[in-house]
Amino acid sequence: MAADGDVHYDRAKEVKQFDELKIGVKGLVDSGITTIPRFFLHPPEVISDLKKPTNPTGSHSIPVISLSGERSTVVDQIRRAAAEFGFFQIIDHGISADVLDRVVAAIKTFNEQPIEVKARHYRRDNETGVAFSTNFDLYHSKAASWRDTLQVRLGPTPAEFDKIPEECRREVMEWDREMVKLGETLMGIMCEGLGLDGGRLKELTCLEGRVMASHYYPFCPQPELTMGLTSHTDPGMLTVVLQNQVSGLQVKQDGAWLDLQPEPGALIINVGDLFQIMSNDEYKSVEHRVVGNPYREARVSIAIFFNPSKRDSLFGPLPELISEEKPAEYKTFTYGEFMTRFFNKELDGKSLINFYKSSHSH
């Protein structure tokens, strides 16, 4: 990567100049650029990985599970998917196609407003609970990624309602109401899959801390040189993703990347690091990424992250899942310390979960 060898290239200065423009990557695209700025160029080892075939022969595709089946069947299907893939898609979830379409359209509308409208929301601090920016780790990542993100805190203390962009304000709140119901259903099913009482995770406030991160991946003129979202695992309990029909999400399975093709009306569910830890490795938090978008139509994805609300509480493998045959795989820690560690590093792989491994499991 030439950037490292060029004495005249001041990466930090270029990043700061871009950030202070408050135009996002959408603003760069709208300006008509045909080559991407250098700080978006990813190193050769990341780029070469993009050229490998996805969905190699013999690989399985991510399961699509109907929630309308027999309860015991659904519990078993989700348990297997969470243990084997860490990802699954759900259909027949009780949320109408009209609601899904409306939420995606509202987020798209906000991102396609004139730059000066969006610039009012562009910030790195999250004091109001609402922040719009390019990459939360822009200043400490090795390379920037080709996406803009609107983040809204939904619980336990929601963002100030009038600080949410008016283009998507009502839809964000409507989506949160749907997610509270769905989150409770999913966590109940996944508790049962572990042989726990259905309300066990709800008791531990695991549904109360909710954040929405809506990502907008515009067309990229050089998608083979950058990423939409680098490989990472999600730190929290559970993530529910609504996306439009533009592909780009990939999930790591047996060392290879699987394309997760959009399924009309489906929601994508994935296990977070904290859930893997609390399940004592029964469920898997799996690396995933988004490739640079080669299509003229933007990719839109709306992720809801479910987390505990009690930052000072201790977390670790649940006592019911520890035995002589299956000792605790992880140390205990406070949730606050865990999240601070996540946000102070760049987005990468599984380093967070490995940090908390107990000594016997090394």
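Helices (H or I, at least four residues) and strands (E, at least two) are DSSP runs, numbered from the N terminus. This is a predicted model: local features need pLDDT of at least 70, side-chain atom pairs count only at pLDDT 80 or more, and totals for chains, interfaces and linings use all residues. Residues are numbered from 1 along each chain as its sequence is written, and side-chain values use heavy atoms, with hydrogens and water left out.

**Exercise 1. Describe the largest pocket and its lining.**

Step 1. Fix the term. On a 1 Å grid over the protein atoms alone, a pocket is an open set of points where a 1.4 Å probe fits, with protein on both sides within 12 Å along at least five of seven lines. Lining residues have an atom within 4 Å of a point.

Step 2. Take the volume, the space filled by probe spheres set on the points, which are joined across faces, edges and corners. The largest pocket holds about 1,100 Å³.

Step 3. Find the centre. Of 48 lining residues, Gln151, Val211, Phe305, Phe342 and Phe343 lie nearest to it.

Step 4. Assign the lining. Strand E5 (residues 209–217) gives the largest share, 6 residues.

Step 5. Sort by class. Ala, Val, Leu, Ile, Met, Phe, Trp, Tyr, Cys and Pro count as nonpolar, Asp, Glu, Lys and Arg as charged, and the others, Gly among them, as polar. The lining then splits into 23 nonpolar, 17 polar and 8 charged residues.

**Exercise 2. Work out the order and edges of the open sheet of 8 strands, and place H8 on its strands.**

Step 1. Set the rule. Two strands pair if DSSP finds at least two bridges between them.

Step 2. Read the order: E1-E2-E10-E7-E12-E5-E4-E3, with mixed pairing.

Step 3. Locate the edges. Strand E1 (64–66) and strand E3 (130–133) each pair on one side only.

Step 4. Check one edge. E3 pairs with strand E4 (residues 148–155) in the antiparallel sense over 4 bridges. Phe132 stands opposite Leu150 in E4.

Step 5. Add the helix. H8 lies across E2, E4, E5, E7, E10 and E12, where contact means heavy atoms within 4.5 Å. H8 runs at about 130° to E7; such angles run from 0 to 180 degrees between N-to-C directions, and axes are lines fitted to C-alpha atoms, for helices over the stretch in contact.

Step 6. Leave E4 towards H8. The loop between them holds Pro156. A cis peptide bond joins Gly155 to Pro156, with omega about 5°.

**Exercise 3. How do H5 and H8 pack?**

Step 1. Compare axes. Those of helix H5 (residues 71–84) and helix H8 (residues 169–193) come within 9 Å and cross at roughly 80°.

Step 2. Classify. Angles of 65 to 115 degrees count as roughly perpendicular, so H5 and H8 are roughly perpendicular to each other.

Step 3. List the contact. H5 brings Arg71, Val74, Val75, Ile78, Arg79 and Ala82, while H8 brings Leu186, Gly188, Ile189, Met190, Glu192 and Gly193.

Step 4. Sort by class: 7 nonpolar, 2 polar and 3 charged residues.

**Exercise 4. Describe the open sheet of 4 strands.**

Step 1. The order is E6-E11-E8-E9, with antiparallel pairing.

Step 2. The edges are strand E6 (227–232) and strand E9 (256–259).

Step 3. E6 pairs with strand E11 (residues 288–291) over 3 bridges. Met227 has Val291 as its bridge partner in E11.

Technical notes: Angles under 35 degrees count as roughly parallel, over 145 as roughly antiparallel, 65 to 115 as roughly perpendicular and the rest as oblique.
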